[in-house]
Amino acid sequence: MKIRQIIPLLALSSAILLSGCNGDGPATSGASSGGETNLSSGGGESREVTFDYEEVAFENTYGEGTNDESHDYDGLIVNPLTNALRSDFAYGVDASMISEVERLGGVFYNEEGREQDIFQILANDGVNFFRVRLWNKPSDRFGRGFGGGNNDAATDIELCKRAQEVGMNICVDFHYSDFWADPDKQQIPQEWQAYDAEEIPDLLRDFTVETLTSFKEAGVEVDAVQIGNEINNGMMGRYGTIDWSDMDGSFEYISSLLNSGIQGMKEVFPDAYSIIHLANGTNADEFETYFSYLDQNGVPYDIVGASYYPALTGDLSRLQENLDNIAAKTGHPVMVMETSWGFTDDYVDGVTANSYSAEDEDTGGYLTSEQAQATSLRDVLDVLSQVPDQMGLGCFYWEPCWLPVSQDGEVAGWASKYGQSYADYGDTSHNSLYTDGLATWSNQGWFSYSGKELASAKVYRLVQEGGVNATEEVSLAARATTYEATINLAADETLPATGRVVTNLDAIRDAPVVWDEEEAAACVEVGEYVVHGLLDGRYEVTLNAECIENYIVDPGFELQGGNDSVKDPWTIRSVSPEGAKIVKLDRKSDTRTGTTDLNWYYGAGDFSFDFYQTIENMPAGTYDLTTYLLAPSQSDFAQELTLYVSIDGTETTLDLSPLCVGWGRGYQEANLLGLQISEGATLEVGIRGECASAAWAHNDDWKLVRR
């Protein structure tokens, strides 16, 4: 069942039982929580992980500038956590853009409106850990920077020295690439591309030693090191891309890279802790699979790191499930290495290209405001407080200081055209295809666009002080008073049991809804119905229900589980190149409805695929098949795509290529109408494709209904 909400409406108030309580707990770590089979570290005995923080007395220093913007510092609500966080908890930020922002004229102002050093402001607000990304060489051979902060070792050392001056610990995030590394892109550094695969681990270790030695010689003590960044699908490009048909071989090589990085770290900073960081922090299956292979291969990591962005995969319960599970099964503490939320939807012409927008509110579960930003971060901290045995070790807010600044036409943007060429192709020769990127994260920062500290910047300090306790109350009747739902009678679906309300913490929460019994009882046959109900015990809502008999099982891919690998009832018949991970589940922001869609993409060459579902013992009748496609235009990436239905071996097809019209035009509807199906027939329905390198598409919402 998929539900669409029609927004918005009333201002009402009702108490809701959502507040937490403060608890006590030990400040120890490193022990297994005693869950099911413990993977343990195959690299030997796990070290107990504890952070020490140096108390540094610094004198607040101020510039001459002032900023009189008004923010509701006193009205911010940050409820106490369910349990106390451990005493060595990492209240962290990744603020790697600071140097670039300041170079282009960015100035920061504290709550009082006084110009002040940004590290002093952060430290005063409870930040005790500074994470910085590190790229090998983020520029082309002419020295033209790739953007995104141009974070090479020299840039990062200066940032870390400033962080240490106010008492922050240091985490260095090695991407082992010359630019952004994430699950979709892991390019080999330019200077390593001529080497063979077996030579890369030694290069990686030597680079780690050389780089960390430069930190040490500059007086920077490194406390934690990320060995790669969001390495879900591997690292080192073509050499280290995980072949999901050869997991043993793939993870043997990935493990050799990680072992080399950890060896290099220990050579320079033997007491530092290593972090293995994956994206998709709500994906328990993926984390368990990944770390089981690392443990089998003896990777002696110390900490499990996860990214959690509510706007992409907003489900705190699944984050909790994953962190609890992976901490129990590995015996290692867990950290949220990246999280964020938006406080405004405003743009600055020619400067910002916001990644977050108010359209993400329902996915993430919060409004767009300073209070919502604070509530989002508090809720992530609360998840970490509930990981058993105090195995929740820390949290890093991502890029809170990325101001939307520009100077002489140069923007503090996410990527120059040279960086974008490298990210997509591994070299800079295609830079003419791009224009310089803009600031993508400013509306998720902790500072207004003019540099004034927001109320939400104080979450860490308020949590440390015990919170600002307030009963969470419904402040709006709902995100909507009218809902639309498609109810699949063939799958025994019923009317939704909950609706969504907005609270005084600017959070969007679920609340029970009771439907009119007589109207609900009618929704047992195919047809359209209007059902009235009462949300949260007092607010009138209306449901426009379309009851259908859809013979596609799991039509929106919502029942596929936590991993991104496709499973029954959907089947991947074939892919080419064989073994490549081309067709997978996607849970970001490109779904048509729900939280999951199907995605295909392959960037290393031309590719093909065929996926389908088998349906047996069909009732006789005339049927219509519908599905939806979101794809780039054919002029950008050529794709020959075919929707097909095979009825007892006889195939009917539809060319989907005309629906490849660009991401900005949204999902396009595809139909095969008037299918004649005899009693007891067996069907195959699916899509196959022949695609150019880097082509992609999203598929969602299948429907096979009888007229």
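Trp570 is buried in this predicted model, with a relative accessible area of 2%, and Trp702 is likewise counted as buried, its relative accessibility being 2%. The cut-off behind both statements is a relative accessible area under 20%. A pair of aromatic rings is described by the distance of the centres and the angle of the planes. By the pairing rule, which asks for ring centres within 6.5 Å, the count comes to 41 aromatic pairs. For Phe343 and Tyr449 the centres are 6.2 Å apart and the planes stand at 75°, and because an angle over 60 degrees counts as edge-to-face, the pair is placed in that class. Phe343 sits in the loop between strand 11 (334-339) and helix 10 (361-364), while Tyr449 sits in the loop between helix 12 (417-425) and helix 13 (459-464), so that the pair links distant parts of the chain, 106 residues apart. Phe343 itself counts as buried, at 12% relative accessibility.

The rings of Trp570 and Trp702 give another geometry, with centres 5.2 Å apart and planes at 50°, so this pair is tilted. Trp570 belongs to strand 21 (residues 570-576) and Trp702 to strand 30 (residues 696-706), and the pair therefore ties together parts that are 132 residues apart in sequence. Elsewhere, ring pairs join Trp135, Phe146, Phe179, Trp180, Tyr309, Trp398, Trp402, Tyr422 and Trp441 into a cluster. Aromatic rings also meet charged groups: the charged end of Arg114 sits over the ring of Tyr62 at 3.7 Å from its centre, and that of Arg573 sits over the ring of Tyr612 at 3.9 Å from its centre.

Strand 21 leads on to a sheet, since it is one of five strands that form an open, antiparallel sheet in the order 21-24-29-26-27. Strand 21 and strand 27 (650-655) are the edge strands, each pairing on one side only, and neighbouring strands of the sheet are turned by 20° against each other on average, with direction ignored. Within this sheet, strand 26 (residues 639-647) and strand 29 (residues 681-691) are held in antiparallel pairing by nine bridges, and Glu640 has Glu690 in strand 29 as its bridge partner.

Further antiparallel pairing is found among strands 18, 19 and 20. Strand 18 (residues 508-515) pairs with strand 19 (residues 527-535) over three bridges, where Trp515 stands opposite Gly533. Strand 19 is joined in turn to strand 20 (residues 539-548) by nine bridges, again in the antiparallel sense, and here His532 has Thr542 as its bridge partner. These two strands, 19 and 20, form a hairpin with three residues between them, and Asp536 in the turn has a positive phi of about 55°.

Parallel pairing appears around strand 12 (residues 392-398), of which seven of the seven residues are buried, so the strand is largely enclosed by the rest of the structure. Strand 4 (residues 90-94) runs parallel to strand 12 and is joined to it by five bridges, with Gly92 and Phe396 as bridge partners. Strand 11 also pairs with strand 12 in the parallel sense, over four bridges, and in this case Val334 has Gly392 as its partner.

The loop between strand 4 and helix 1 (98-103) holds Met97, which is buried with a relative accessible area of 0%. Leaving aside residues up to four places away in sequence, Met97 touches Arg133, Gly148, Gly149, Glu399, Trp402, Ala412 and Gly413; among these, Trp402 is also a member of the aromatic cluster. Met97 and Asn150 lie 53 residues apart in sequence, yet their C-alpha atoms are 8.4 Å apart in space.

Two packed helices are described by the angle between their axes and the distance between the axes. For helix 3 (residues 153-165) and helix 4 (residues 200-217) the angle is about 35° and the axes are 10 Å apart, and the crossing is right-handed. Ala153, Asp156, Ile157 and Cys160 of helix 3 make the contact with Thr211, Ser214 and Phe215 of helix 4.

Helix 8 (residues 310-313) contains Thr313, which is buried with a relative accessible area of 17%. Beyond residues up to four places away in sequence, Thr313 touches Thr282, Tyr308 and Arg587.

Definitions and conventions:
Residues numbered from 1 in each chain as written. Predicted model: local features only at pLDDT ≥ 70, side-chain atom pairs only at ≥ 80, totals over all residues. Heavy atoms only, no water. Phe/Tyr/Trp six-rings, centres within 6.5 Å; stacked < 30°, edge-to-face > 60°. Buried < 20%, exposed > 50% of the residue type's maximum accessible area, 1.4 Å probe, protein only. Lys NZ or Arg CZ within 6 Å of the ring centre and 35° of its normal. Contact = heavy atoms within 4.5 Å. Pairing = 2+ DSSP bridges. Axes fitted to C-alpha atoms, helices over the stretch in contact; angles between N-to-C directions. Left-handed = near helix turned anticlockwise from the far one by under 90°.
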